[in-house]
Amino acid sequence: MKKDKKLFISVIATFLLITMLSINVNAATGYQGYAIYRDGVFFNTNWHAGIMDEPYSTDYKPVTHHPGGFGSNDIVKWDTWDNFIDGKTFKGVYRPNSNPSSSQRDLFVSMGRKLINEKIPYNLAYQVYYDTSTSGTWVDHDEISSMRCDGVVEYIYEWYGFRVYGNGTYWDVTKNSFWGRDHHSGTAVTPKSQVNYLTKVTSSVPD
């Protein structure tokens, strides 16, 4: 075989290999990575939030959320659709206002699983709580000491630069700051008001 023909085949083979390796085989499908909400919290004055870990509500344990409560098993977890809904009314599927790609939604799912692995307990007051003196510029998932259900959504989206709630200085809940941590506390933002900073994908159950 002539040298130039060998070189041509080699170039083509290299191109095909690079193309195959660059394909994201784990790109999110269905409703993976989108935020979900239902009502029925605090005498139905507030909502509950979670993230779709799987594409549809009919999948096995499709939800990542913090169920609330202060027991030893009340941590960020994978859960069934029925446990997430808890007999209440579904309020919709939402995404960041800057529409994420399927590959970016796959990153949301991945971060949700990291939070699950940390077994993070509940915090009623703060979306995301951490020790400001020991965290660096950014609050890594293993530095979170407690969080709320809307904090799960906010942390996942804002870690990847998708702004949800907050002013120009303190919107990023993943950035270490005493005042930023405080900015995302109390009733300044709640699961029910959080959706005002997102875009609705559908009002229907994601099945």
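In this predicted model, T174 sits in the loop that connects α4 (149-159) with α5 (178-183). Although placed in a loop, T174 counts as buried because its relative accessibility is 1%, against a cut-off of under 20%. The side chain of T174 finds a polar partner in the side chain of D172, at 2.7 Å. Leaving aside residues up to four places away in sequence, T174 touches T137, W138, V139, Y155, E158 and W159.

One of these neighbours, Y155, leads on to the nonpolar interior. The largest nonpolar core holds 28 residues, and the members that touch the most others are Y37, L115, I144, M147, Y155, I156 and Y157. Two or more residues of this core come from each of β1, β2, α3 (102-117), β6 (128-130), β7 (144-147) and α4. The largest share, 6 residues, is provided by α4. A second core lies apart from this one; it has 9 residues, with Y34, V63, F84 and I85 among them. As general background, nonpolar side chains in soluble globular proteins tend to be buried together.

M147 offers a helpful close-up of the largest core, being one of the members with the most contacts to other members. Beyond residues up to four places away in sequence, M147 touches H66, V76, L115, I120, P121, Y122, N123, Y126, Q127, V128, V152 and Y155. Two names in that list, L115 and Y155, also appear among the members of the core that touch the most others.

Attention can now turn to the open space in the model. The largest pocket encloses about 350 Å³. Its lining is made of 21 residues, of which V41, F42, W47, Y122 and C149 are the closest to the centre. At least two lining residues are supplied by each of β1 (35-41), β2 (46-52) and α4. By residue class, the lining comprises 8 nonpolar, 8 polar and 5 charged residues. Y122 ties the pocket to the preceding paragraph, as this lining residue is also touched by M147. The helix α4 likewise serves both regions, contributing to the pocket lining and to the largest core.

The overall fold gives these details their setting. The chain contains 6 helices and 8 strands, which follow one another from the N terminus in the order α-β-β-β-β-α-β-α-β-β-α-α-α-β. Of its 207 residues, 44% count as buried. Among contacts between residues at least 6 apart in sequence, 65% join residues at least 24 apart.

Terms used: Residues numbered from 1 in each chain as written. Predicted model: local features only at pLDDT ≥ 70, side-chain atom pairs only at ≥ 80, totals over all residues. Heavy atoms only, no water. Helix = DSSP H or I, 4+ residues; strand = E, 2+ residues; numbered from the N terminus. Buried < 20%, exposed > 50% of the residue type's maximum accessible area, 1.4 Å probe, protein only. Polar contact = N/O pair within 3.5 Å; in protein donor to acceptor, adjacent residues only side chain to side chain. Contact = heavy atoms within 4.5 Å. 1 Å grid on protein atoms, 1.4 Å probe; cavity = no way out; pocket = protein on both sides within 12 Å on 5 of 7 lines; lining within 4 Å. Points joined across faces, edges and corners; volume = space filled by probe spheres on them. Nonpolar A, V, L, I, M, F, W, Y, C, P; charged D, E, K, R; others polar. Core = buried A, V, L, I, M, F, W, Y, C linked by side-chain atoms within 4.5 Å.
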